[in-house]
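Q: I'd like to talk through this structure with you before I plan anything around it. Could we go through it piece by piece?

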Amino acid sequence: MNSNSLPSGRVVGIIKRNWRPFCGMLSKSQIKEARRHLFTPADRRIPRIRIETRQASTLEGQRIIVAIDGWPRNSRYPNGHFVKNLGTAGDKETETEVLLLEHDVPHQAFSQAVLSFLPKMPWSITEEDMKFREDLRYLCVCSVDPPGCTDIDDALHCRELENGNLEVGVHIADVSHFIRPGNALDQESAKRGTTVYLCEKRIDMVPELLSSNLCSLRSNVDRFAFSCIWEMNHNAEILKTRFTKSVINSKASLTYAEAQMRIDSASMQDDITTSLRGLNKLAKVLKKRRIDNGALTLSSPEVRFHIDSETHDPIDLQTKELKETNSLVEEFMLLANVSVAKKIHEEFSEYALLRKHPAPPPSNYDILVKAAKSKNLEIKTDSAKALADTLDKAESPDFPYLNTLLRILATRCMMQAVYFCSGMDNDFHHYGLASPIYTHFTSPIRRYADIIVHRLLAVAIEADSTYPELTDKHKLADLCKNLNYRHKMAQYAQRASVAFHTQLFFKNKGVVNEEAYILFVRKNAIVVLIPKYGLEGTVFFEEKDKPKPNLNYNDEVPSLTVENTTFYTFDKVKVNIMLDASNVQHQKIRMALVEPKVRHRLYNAKQHIIQLS
């Protein structure tokens, strides 16, 4: 056997078919009045499906759903039947529906059975409720979120104690008070697993009455919370931690920009601003300590669309700018998650729901190490701390964007963080955060994992009673499997939504000329990133029906020589960007290399195309 050959096998039987309804488009038969037609699925991995329909002329140009019925042995294609017409291809509503269906995102309206478990309106806090809760309405609590946020999970406070120490509180929406174990509302939330944020749409995990009203910690209303309260010294060292079910009344719902303005203002000295300044000081200390311990600060180009208020089409596209206050909130959420993880694991060593981030295998880093080496920089990867430290030092005065590019590359080397049950695993470490233990507690409106963690914590502090499934590690492991799947699909759906809105943005732009950087070089292509739009794609140098250029790929340096032009990782290039709508079902952002020009007699660099990955 050849040492390079891969292990191989063959399928001897299929135990269960994983058939699902597929979205796609009808390829109408050329035969007049034919009833048999081929359906082309949106997912290129799925073969075309033969269906019978008399509505072919109506369904042409529409996005439709088809289900497979069977696949005869002697047939090239499986047989199926038409299920539903979703609407015109390219239409925003239709494409969003396709995107949700293809990524298996549950998005149907909540059923009456689910809604029947919601509190009856008008709702208010009763004296009975107050018996089991600490009244924290006197505290100067406020929330800091992105603009337009209605599902406010978390709020914060900071005040000086008489002994000179600081009291800091993270107050999280008490969703588990409203969603009781095992009922239809709980089952639906568990199935959905997470809220999915698309560019112009939010698919809620819980009904809107909870997500945007009764659980949302809006300002100037009384709300139930689960509070994590620390006593700290001015060096952000925790002296005491306590957890309590509470009632709070937020004094302000701020955006990151508004909170930043208050912190920076020379004239504002009110209680909210003082609290924010105290939190900001501590957050800086916490962040420095985390980074000193080896936590990673990675980067990914996130984009934000500015939407036209009438047409609802994207009119501007830019990368998101992060403020100091983003970091302020993040630090205290991380601290609360770690504190809660320790507590629930102390109490329930076998069935705590935790989150871990495995360390990547060393070979994952090859691409990063080689890319840095090509710029005479050394990246060490033997530990998260070594990686963090060498990334901090990897700077070039004449190329300020280099460090961001290295961090984007480092992100690509990482493993996926996952939920797990503590009794079914012995490696708890969170590599990216450099924390020996971690969980999710701070977003129960939009993550089901946090609801389970709230229930575990409530039992641990004797604020609620347990139930059989909560202490069944096999059931918990199955739940984690679904949560990990739902989170992964939500991520893919979000990316697909950004890709679709990017296409809409470039639809009427004609050809746009932009600067780009090479992220990777391949054997016959380069992958580039356009910082302005957070856009990424692959420029192929070999094209169908075109003469092949001379290509010379060097794996060690990472470089690709095309004719007499050599491309290295992180080189700056110029590209034209345009939308290719020739295939309605698979529209693509294509780019043509403008600079440097690759010249030779038979080959024109302007024919290079890159497809949005």
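**Salt bridges and other local features**

A: Let me start with a charged pair: Arg202 forms a salt bridge with Asp204, and their closest N and O atoms are 2.7 Å apart. Please keep in mind throughout that this is a predicted model.

Q: Noted. Is Asp204 buried or exposed?
A: Asp204 counts as buried, because its relative accessibility is 13% and the cut-off for buried is under 20%. Its partner Arg202 is partly exposed, with a relative accessible area of 26%.

Q: And how many salt bridges does the count come to?
A: The count comes to 36 salt bridges. One of them brings together the side chains of Arg446 and Asp153, at 3.5 Å from N to O. Arg446 lies in the loop between β18 (418-421) and α14 (448-460), while Asp153 lies in the loop between β7 (142-145) and β8 (154-160), so this pair ties together parts that are 293 residues apart in sequence.

Q: What about accessibility for Arg446 and Asp153?
A: Arg446 is partly exposed, with a relative accessible area of 28%, whereas Asp153 is buried, with a value of 3%.

Q: Which residue does Arg290 meet in a salt bridge?
A: The side chain of Arg290 meets that of Glu331, with an N to O distance of 2.8 Å. Arg290 belongs to helix α9 (residues 271-292) and Glu331 to helix α10 (residues 324-347), so the bridge ties together parts that are 41 residues apart in sequence. Arg290 counts as buried at 18% relative accessibility, and Glu331 is buried too, with a relative accessible area of 2%.

Q: Which residues do salt bridges with shared partners join into one network?
A: Arg20, Asp43, Arg45 and Glu102 are joined into one network by salt bridges that share partners.

Q: Switching to strands: why is β26 described as largely enclosed by the rest of the structure?
A: The description rests on burial: seven of the eight residues of strand β26 (residues 588-595) are buried, so the strand is largely enclosed by the rest of the structure.

Q: In what sense do β25 and β26 pair?
A: Strand β25 (residues 572-580) and β26 pair in the antiparallel sense, over seven bridges. Within that pairing, Asp580 stands opposite Lys588 in β26.

Q: Now the backbone. Where is the cis peptide bond that involves Pro122?
A: The cis bond joins Met121 and Pro122, and its omega is about -5°. Pro122 itself lies in the loop between α3 (112-115) and α4 (127-131).

Q: Why point that out?
A: As a general matter, most peptide bonds are trans, and most residues other than glycine have a negative phi.

Q: OK, then what is the phi of Ala236?
A: Phi of Ala236 is near 60°, which is a positive value in a residue other than glycine. Ala236 sits in the loop between β12 (222-232) and β13 (238-249), and it is buried, with a relative accessible area of 3%.

Q: And Glu563, what is its phi?
A: For Glu563, phi is near 55°, again a positive value in a residue other than glycine. Glu563 lies in the loop between β23 (559-562) and β24 (565-568), and its relative accessible area of 16% makes it buried.

Q: Last one: where does Val498 lie?
A: Val498 lies in helix α15 (residues 473-507), and at 28% relative accessibility it counts as partly exposed. Val498 and Glu200 are 298 residues apart in sequence and 9.9 Å apart in space, taken from C-alpha to C-alpha.

Notes
Residues numbered from 1 in each chain as written. Predicted model: local features only at pLDDT ≥ 70, side-chain atom pairs only at ≥ 80, totals over all residues. Heavy atoms only, no water. Helix = DSSP H or I, 4+ residues; strand = E, 2+ residues; numbered from the N terminus. Buried < 20%, exposed > 50% of the residue type's maximum accessible area, 1.4 Å probe, protein only. Salt bridge = Lys/Arg side-chain N within 4 Å of Asp/Glu carboxyl O. Pairing = 2+ DSSP bridges.
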